[in-house]
Structure formats: C-alpha cells, structure tokens
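This briefing introduces one protein chain to a reader who is new to structural description. Please study the sequence and the structure shown below before reading the points that follow.

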Amino acid sequence: MKMLSMRICAVFALVSVMWAAPLLAQEAAAPDPLTVVRGALPRDLSPRGMFLSANKVVQAVIIGLALASVITWTVGLAKVVELVALKRKLRRALTTLDAARSSAEAEKALDTGGPAAELVLAAVAEAGLSANGSADGMKERVASRLERIEAAAGRTMARGTGILATIGATAPFIGLFGTVWGIMDSFVGISKAQTTNLAVVAPGIAEALLATAIGLIAAIPAVVIYNMFARTTGGCRAMVGDAAAAVLRLVSRDIDRGTTIPKLRAAE
C-alpha cells in the first residue's frame, strides 16, 4: 500500500512538471512589458524630439505652419506700429481742421502728410480747376475726390491683414492634414510590424498630433490679431471720414464767402 501511494505521488509530480514546464518556459521567454515599452518608445518625447522622428510630410507641414506663425507676428507688429502712428496723426489733423477757417489755412497747417493732408490738397486742387463753374458742381466734384481718397486710405490700412485671415482659416486644416498623414504612416508601420503594442502605436500618433497642435498655435493668434485690426481699421476709417467731412465744410465756407483758393492766391 505504501509503495502504491508513492507511485501515485510520483505520477502526479511528473504530470505537474510536464504541465507547468511550457508555462515556465513561456514566462522566461516573454520580456517585461515595461521593458518593451521603454525600449520601443523614443528617448526624447519633447516637441523637438517628435519633430525630428516624424516623417517628411509631417515635418514639412510643421515647418510651413511655423513660418506662417512667424509671418503672423511680423505683420501684427508692423500693423500695430502703423495704425498707432496713423491714429495720432489723424487726431492732430482733425483738431487742425476744426480750428481752420478756410481751405488755405488748413493747407498751410497740414504739412505733415497723411490722409488728412491729401484730402485738403485734393479739395484745393479741385477748387482751382472748378473756379469758373457753379458752386454746386464744385462741391460735387470735391466730394467725389474726397470719397476716392477715403477709399484708398481704407485699402492702405487693410493692407497685410488679408494674409492673417488666410492663415487663421487654413492653418488648422493644414495641421489636420499632417495629422491624418502621420496616422496613416503609423498604421502602415503597425501593419509591417504585425503588432498592436501601445509602444509601437503611441509615438507615431503623438508625432502626428503635433501637427494639429502647431496648426492651432498658428491659427489662434492670427484670428485674434485679425479681429483686433478689423476694429482698429474701422475706427481709423471713421476718422478719415470725419476729416473728409471737415474739408468739405471748409470748401463750402469758402464758396459762401466768395474766397475760393484761386481768388485768395490771385489776391496774394
């Protein structure tokens, strides 16, 4: 009986060893998942590292978006300086025009250039050409000249802001294109590696999403700066319109007094 028990125990031990041996061999052969992730992930997961390890299309998209961002800030700074100086000049010109009693006086006072000075010079020139015409015809022709100068000043103020609108509208889609292309490239890599391990998938997707992030970084400031310039330009256009109205009032006063520019210069 004792020998039978020993044989049964030996059989159970043999069966257990035979059953556990493949599992032990599999565990010994399988590497640590953490070690796999650490070995497969790139060492540098910073934006610079992901850019350097991205494919060529994604890199081209990121470089283009970076250049668009540089253009946005360059145009923004240049337009800020331009519009601030223009606003100051228009304020001084409006004060001068309100204080002037005639077109000749305004012409002498506004010798610093700018839209207001152009308005006065155009009004004086048209008054000289229309000296022998009717008063109503002179006013109409002067108003027509002032209207065109006002429109030209508005176009000059808005110059350069169109590119901001273009960048703000297209940069997110360009970044999305880079993301889609990068994810496609990642799926191709997954297919070639024949694995769905997160360590293989994650780096490519992170590099692809970097393009979308750069696209938003380029688009958001462009939209904000464009809207700010739209409001500022609208205010400057209103001031130019006020200057045109002031010049037209001076011409009307000259006509009522019978002291148009040609008569004043002839008297001098």
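The largest nonpolar core holds 37 residues, of which Leu97, Leu110, Leu119, Val120, Leu146, Met157 and Val247 touch the most other members. A nonpolar core is a set of buried Ala, Val, Leu, Ile, Met, Phe, Trp, Tyr and Cys residues joined through side-chain atoms within 4.5 Å; buried means under 20% relative accessible area, exposed over 50%, and partly exposed in between, with a 1.4 Å probe and protein chains only. The model is predicted: local features need pLDDT of at least 70 and side-chain atom pairs count only at pLDDT 80 or more, whereas totals for chains, interfaces and linings use all residues. Residues are numbered from 1 along each chain as its sequence is written, and side-chain values use heavy atoms, with hydrogens and water left out.

**Nonpolar cores**

- Helix 4, helix 6, helix 7 and helix 9 (198–257) each supply at least two residues of the largest nonpolar core; helices are DSSP runs (H or I, at least four residues), numbered from the N terminus.
- Helix 9 gives the largest share of this core, twelve residues.
- Beyond its neighbours within four places in sequence, Leu97 is in contact (heavy atoms within 4.5 Å) with Ala106, Leu110, Val120, Ala243, Ala246, Val247 and Leu250.
- A second, separate core has 14 residues, including Val58, Ile62, Leu210 and Ala218.

**The largest pocket**

- The largest pocket contains about 150 Å³ of space; a pocket is an open set of points on a 1 Å grid over the protein atoms alone, where a 1.4 Å probe fits, with protein on both sides within 12 Å along at least five of seven lines.
- Among its lining residues, which have an atom within 4 Å of a point, are Glu82, Gly114, Pro115 and Thr156.
- Helix 4 (56–99), helix 6 (115–129) and helix 7 (135–158) are the elements that give two or more residues to this lining.
- Helix 7 provides the largest share of the lining, five residues.

**The loop between helix 6 and helix 7**

- Ala131 lies in the loop between helix 6 and helix 7 and is partly exposed, with a relative accessible area of 34%.
- Ala131 and Ile255 are 124 residues apart in sequence and 9.9 Å apart in space, C-alpha to C-alpha.

**Confidence**

- The chain averages a pLDDT (the predictor's confidence in each residue, from 0 to 100) of 77, and 75% of the residues score at least 70.
- Among the elements, helix 2 (residues 33–40) has the lowest mean pLDDT, 42, and helix 4 the highest, 90.
- Over residues 1–42, pLDDT stays under 50.

Technical notes
Points joined across faces, edges and corners; volume = space filled by probe spheres on them.
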